[in-house]
Amino acid sequence: MAKTAKKIEVNDEEKVLDIIVKTLDDNKAEDVVVIDLRGKTSIANQMVVASGTSQRHVASLAEKVQENLKAAGYKSMAEGEEKADWVLIDAFDVIVHIFKPEVREFYSLEKMWQSVKPR
């Protein structure tokens, strides 16, 4: 039977978040922000927003995050890798957005989510 990656359990959320933030820091992501989404939405508990310096850097950051999550036994899915202006990584309870700086500024996701009041 093949070994499969496990879905994130509640007690694993901090481990997943640590892997993501450490990977982004180690690979020179810029302006890494973690936003607590608990009570604001049901899509995830945490959101990480970061910038890469170019399309190549954004794609590389996304690839490293996914590799490190997989190596630790966690599932993730990604979208946007082809163009790499904005890559979304869904690690279940943690969502990661990696942008080129001008795309991040245009969408202002962290500003929007930080202004949402808890339900």
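Helices and strands here are DSSP runs, numbered from the N terminus. With that in hand, welcome to this predicted model. Its 5 strands form an open sheet in the order β1-β2-β5-β4-β3, with mixed pairing. Helix α2 lies across β2, β3, β4 and β5, and strand β5 is mostly covered, with 6 of its 6 residues buried. The points below take you through the sheet, the helix, a group of aromatic rings and a few backbone details.

**The sheet**

- The edge strands are β1 (30-36) and β3, each of which pairs on one side only.
- On average, neighbouring strands of this sheet are turned by 15° against each other, direction ignored.
- Strands β2 and β5 run parallel and are joined by 6 bridges.
- Two of the partnerships with β5 can be named: A50 has I98 as its bridge partner, and V49 has H97.
- Strands β4 and β5 also pair over 6 bridges, but in the antiparallel sense.
- In that pairing, D90 stands opposite I95 in β5.
- Strands β4 and β5 form a hairpin with 2 residues between them.

**A closer look at strand β5**

- In a regular strand, side chains alternate between the two faces of the sheet.
- In β5, V94, V96 and I98 point one way, while I95, H97 and F99 point the other way, and all are buried.
- H97, found in strand β5, makes a good stop on the tour.
- H97 counts as buried because its relative accessibility is 8%, and buried means under 20%.
- Leaving aside residues up to four places away in sequence, H97 touches M47, V48, V49, A50, W86, V87, L88 and L109.

**Helix α2**

- Helix α2 covers residues 55-71, and its 17 residues should span 24 Å at 1.5 Å a residue.
- The end C-alpha atoms of α2 are 24 Å apart, which agrees with that expectation.
- The buried residues of α2 are H57, V58, L61, A62, V65, Q66 and L69.
- Seen down the axis of α2, these buried residues fall within an arc of 165°, so they line one face of the helix.
- R56, K70 and A71, on the other side of α2, are exposed.
- The buried residues of α2 pack against α1 (13-26), β2 (46-51), β3 (77-79), β4 (86-91) and β5 (94-99).
- As α2 lies across its four strands, it runs at about 10° to β4.

**Aromatic rings**

- The structure holds 3 aromatic pairs.
- The rings of W86 and Y107 have centres 4.7 Å apart and planes at 50°, so this pair is tilted.
- That pair links distant parts of the chain, since W86 sits in strand β4 and Y107 in helix α3 (residues 101-107), 21 residues apart.
- W86 counts as partly exposed at 27% relative accessibility.
- Y107 is partly exposed as well, with a relative accessible area of 42%.
- The rings of F106 and Y107 have centres 4.9 Å apart and planes at 90°, so that pair is edge-to-face.
- F106 counts as exposed, at 64% relative accessibility.
- Ring pairs link W86, F99, F106 and Y107 into a cluster.

**Backbone details to look for**

- Most residues other than glycine have a negative phi.
- K28 has a positive phi of about 65° although it is not a glycine.
- You will find K28 in the loop between α1 and β1, where K28 is exposed, with a relative accessible area of 63%.
- F92 is also not a glycine, yet has a positive phi of about 65°.
- F92 lies in the loop between β4 and β5, in the turn of the hairpin described above.
- F92 counts as partly exposed at 23% relative accessibility.
- Just after α2, G73 takes a positive phi of about 95°.

Conventions. Residues are numbered from 1 along each chain as its sequence is written. This is a predicted model: local features need pLDDT of at least 70, side-chain atom pairs count only at pLDDT 80 or more; totals for chains, interfaces and linings use all residues. Side-chain values use heavy atoms; hydrogens and water are left out. The expected span of a helix is 1.5 Å times one less than its number of residues. Buried means under 20% relative accessible area, exposed over 50%, partly exposed in between (1.4 Å probe, protein chains only). The arc is that of the directions from the helix axis to the C-beta atoms. Contact means heavy atoms within 4.5 Å. Two strands pair if DSSP finds at least two bridges between them. Axes are lines fitted to C-alpha atoms, for helices over the stretch in contact, and angles run from 0 to 180 degrees between N-to-C directions. Rings of Phe, Tyr and Trp (its six-membered ring) pair if their centres lie within 6.5 Å; planes under 30 degrees apart count as stacked, over 60 as edge-to-face and the rest as tilted.
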